[in-house]
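Student: Pick one part of this model for me, please, and take a close look at it. I'm after the internal spaces and what sits around them, all in one go.

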Amino acid sequence: MLLEVRDLHVEFKTRDGVARAVNGVNYSVAEGETLAVLGESGSGKSVTAQAVMGILDMPPGRIAGGEILFKGKDLLRMKEEERRRIRGAEMAMIFQDALSSLNPVLSVGAQLGEMYEVHRGMSRKDAKGKAVELMDRVKIPAAKERVGDYPHQFSGGMRQRIMIAMALALEPSLIIADEPTTALDVTVQAQVMDLLAELQRELNMGLILITHDLGVVADVADKIAVMYAGRIVEAAPVHEIYKAPAHPYTRGLLDSIPRLDQKGQELYAIKGLPPNLLAIPPGCAFNPRCPMAQAVCRTDVPPLYRVTESPVERTSACHFWKECLHG
């Protein structure tokens with residue numbers, strides 16, 4: 001196993017109180033495996049990833065408990081200098097907004113080459129040559145001529161490819177892609193996802209794909225973890241979730257996907273809004289929006305029930321997962 005997140009808790013101290021952003025998250029990723037982490041904005045997907053990468057703003061953030069094991073070593077017990085050596089070289093992150101993530105006053109070649117200068121001790125000339133190779137690798141046309149261009153001179157899709165190239169520079173074992181197709185049109189989304197899948201197969205990397213779009217992950221993920229209010233409410237192999245969800249929230253996300261056989265009909269939307277993390281409802285956090293909610297849902301927090309155990313364990317945090325699964 002490449003990465004194991006165990007009972008992770010993350011809090012943010014605000015003027016109005018403590019926001020519990022991550023509440024006991026557990027997931028794992030093996031070499032060559034793709035885990036898709038799904039959920040609405042504010043569900044804790046990106047905060048969990050930032051905690052794994054060690055880039056969480058502290059304060060106001062605070063890791064209140066749990067373990068993050070990377071290749072068997074707990075990252076939370078490491079000194080910052082040791083984590084810095086791992087970050088970039090062994091695990092890397094692709095951010096969702098490429099334009100704001102890239103430095104606007106440095107050429108893309110300088111930003112790509114910096115990885116080799118800092119981590120590999122290369123000269124600037126050699127690092128520039130590596131930058132051209134990386135740009136070729138992610139299929140940026142005329143890489144040799146464009147290595148001196150600045151981020152604003154590239155399209156959104158090309159900037160996202162540069163972000164992927166930067167993450168791949170040192171051939172890490174694990175990549176976290178935080179909504180890598182946000183603000184891209186459908187054709188470019190498909191190209192970016194195909195590129196990520198191709199590079200993953202080539203390097204046998206573990207990949208965590210964070211998204212709110214179930215349509216993006218159908219063909220690339222091996223397993224899915226669905227998050228709501230800082231907690232994983234369902235985890236399963238990708239084909240099982242699409243075939244029969246075992247949590248009402250997952251069912252709502254699936255029903256929200258536009259379908260070709262429903263032309264002219266109003267798109268489905270989950271009623272209500274995600275909860276305020278300063279005051280998460282008692283019982284199941286999804287109960288105010290859940291069409292299946294009953295009295296027990298408003299008082300008792302559902303544990304992660306085992307839905308299936310083989311070949312891959314499947315879990316659901318719903319008191320009525322059986323009814324949902326067979327409904």
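Tutor: Let's start with a cut-off: a residue counts as buried when its relative accessible area is under 20%. Keep in mind as well that this is a predicted model.

Now for the enclosed space. The count of cavities of 30 Å³ or more comes to one, and the largest cavity holds about 80 Å³ of space. Its lining has 13 residues, and those closest to the centre are C284, C290, C297, C318 and H319. Sorted by class, that lining is made up of ten nonpolar residues, three polar ones and no charged ones.

With those cysteines around the centre, sulfur pairing is the obvious thing to check. A disulfide is a covalent bond between the sulfur atoms of two cysteines. The cut-off here is a sulfur pair within 2.5 Å, and the structure holds zero disulfides. For C290, the nearest cysteine sulfur belongs to C318 and lies 6.1 Å away, and C290 is in no disulfide. For C297, the closest cysteine sulfur is the one in C284, at 6.2 Å, which is too far for a bond. Back to that burial cut-off: C297 has a relative accessible area of 7%, so it is buried. C290 comes out at 17%, so it is buried too.

Next, the open space. The largest pocket has a volume of about 530 Å³. It is lined by 21 residues, of which R87, G88, F95, M115 and M166 are the closest to its centre. Strand 6 (91-94), helix 4 (108-120) and helix 7 (156-168) are the elements that each give two or more residues to this lining. Helix 4 provides the largest share, with five residues. By class, the pocket lining has 13 nonpolar, five polar and three charged residues, whereas the lining of the largest cavity has no charged residues.

Since burial came up, have a look at helix 1 as well. This helix covers residues 45-53, and eight of its nine residues are buried, so the rest of the structure largely encloses it. The buried ones are K45, S46, V47, T48, A49, A51, V52 and M53. Right after helix 1 comes G54, which has a positive phi, near 80°.

If you only want to zoom in on one spot, I'd go for the largest cavity, with C284, C290, C297, C318 and H319 closest to its centre.

Technical notes:
Residues are numbered from 1 along each chain as its sequence is written. This is a predicted model: local features need pLDDT of at least 70, side-chain atom pairs count only at pLDDT 80 or more; totals for chains, interfaces and linings use all residues. Side-chain values use heavy atoms; hydrogens and water are left out. On a 1 Å grid over the protein atoms alone, a cavity is a set of points where a 1.4 Å probe fits but cannot get out, and a pocket is an open set with protein on both sides within 12 Å along at least five of seven lines; lining residues have an atom within 4 Å of a point. Grid points are joined across faces, edges and corners, and a volume is the space filled by probe spheres set on the points. Ala, Val, Leu, Ile, Met, Phe, Trp, Tyr, Cys and Pro count as nonpolar, Asp, Glu, Lys and Arg as charged, and the others, Gly among them, as polar. Buried means under 20% relative accessible area, exposed over 50%, partly exposed in between (1.4 Å probe, protein chains only). Helices (H or I, at least four residues) and strands (E, at least two) are DSSP runs, numbered from the N terminus.
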